[in-house]
Amino acid sequence: MAVSKFLIASILISLLVLPSAEADQEVNSIQGASKGPKKIDCGSACIARCQLSSRPNLCHRACGTCCARCNCVPPGTAGNYEVCPCYASLTTHGGRRKCP
C-alpha cells in the first residue's frame, strides 16, 4: 500500500514539474534567439556601397571583409563613417583605410 501511494505521489509530482520545465526551455530558446547582434546581409549592403566605385571587385572584397568583422556598413556610396566606427577604424598595414 505504501508503495502505491509513493508511486502515485511521484507520478503527480512529475506531471506538475515536467510542463514547467518545458516552458522554461521554450522561454530560454526564445530569449537565446533574440540575444546577440543581428547579422546584416553584407552582400547587398556592399553592393549598395560599391555601386559607383571605379574598381567594383576590389571595393566588394574590401567591403565584405569589413562588414564581416564589424557587422555594419555605412549608408551611401562614400563617407558616413561616423555611423559605423568599427568600419572606419580598420586600416591596412600602411595606415590607410581598409574599408571603402
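These legends go with a set of close-up views of one predicted protein model.

**View 1. The whole chain, built from helices.** The protein chain has four helices and zero strands, so to speak an α-α-α-α pattern when you read along the sequence. Buried residues make up 19% of its 100 residues. The accessible surface comes to about 7,500 Å², with 62% of that belonging to carbon and sulfur atoms.

**View 2. How far to trust the model.** Average pLDDT for the protein chain is 81, and 66% of the residues score at least 70. Residues 27–31 drop below 50, and this stretch has zero contacts in the model beyond near neighbours in sequence. Where pLDDT is low, the predicted coordinates should not be read in detail.

**View 3. The nonpolar core around Cys 63.** The largest nonpolar core has 15 residues, and Cys 63, Val 73 and Tyr 87 have the most contacts inside it. Helices H2 (42–49), H3 and H4 each chip in at least two residues, with H3 giving the most, five. Look past the neighbours within four places in sequence and Cys 63 is in contact with Cys 46, Arg 49, Cys 50, Val 73, Tyr 87 and Pro 100.

**View 4. Cys 50 and Cys 59, a buried pair.** A disulfide joins Cys 50 to Cys 59, S to S 2.0 Å. Both cysteines are buried, and at -80° about the S-S bond their link is left-handed.

**View 5. Cys 70 and Cys 86, linking two helices.** The sulfur atoms of this disulfide sit 2.1 Å apart. Cys 70 is in helix H3 and Cys 86 in helix H4, 16 residues apart, so to speak distant parts of the chain. The S-S torsion is about -70°, which makes the disulfide left-handed. Cys 70 counts as buried at 13% relative accessibility, while Cys 86, at 33%, counts as partly exposed.

**View 6. Cys 72 and Cys 84, a disulfide within one loop.** Here the sulfur atoms are 1.7 Å apart. The torsion about the S-S bond is about 45°, so this disulfide is right-handed. Both cysteines lie in the loop between H3 and H4, so the pair ties together parts 12 residues apart in sequence. Cys 84 is buried, with a relative accessible area of 1%, whereas Cys 72 is partly exposed at 21%.

**View 7. Asn 71 and its backbone partners.** Asn 71 lies in the loop between helix H3 (56–70) and helix H4 (85–89). Its relative accessible area is 18%, so Asn 71 is buried. The Asn 71 side chain reaches the backbone oxygen of Lys 38 at 2.8 Å and the backbone nitrogen of Ile 40 at 3.1 Å.

Note on methods:
Residues are numbered from 1 along each chain as its sequence is written. This is a predicted model: local features need pLDDT of at least 70, side-chain atom pairs count only at pLDDT 80 or more; totals for chains, interfaces and linings use all residues. Side-chain values use heavy atoms; hydrogens and water are left out. Buried means under 20% relative accessible area, exposed over 50%, partly exposed in between (1.4 Å probe, protein chains only). Accessible areas come from the Shrake-Rupley method with a 1.4 Å probe; for residues, only the protein chains shown count as cover. A polar contact is a pair of N or O atoms within 3.5 Å; within protein, one must be able to donate a hydrogen and the other to accept it, and residues adjacent in sequence count only if both atoms are side-chain atoms. A nonpolar core is a set of buried Ala, Val, Leu, Ile, Met, Phe, Trp, Tyr and Cys residues joined through side-chain atoms within 4.5 Å. Contact means heavy atoms within 4.5 Å. pLDDT is the predictor's confidence in each residue, from 0 to 100. A disulfide is a pair of cysteine sulfur atoms within 2.5 Å.
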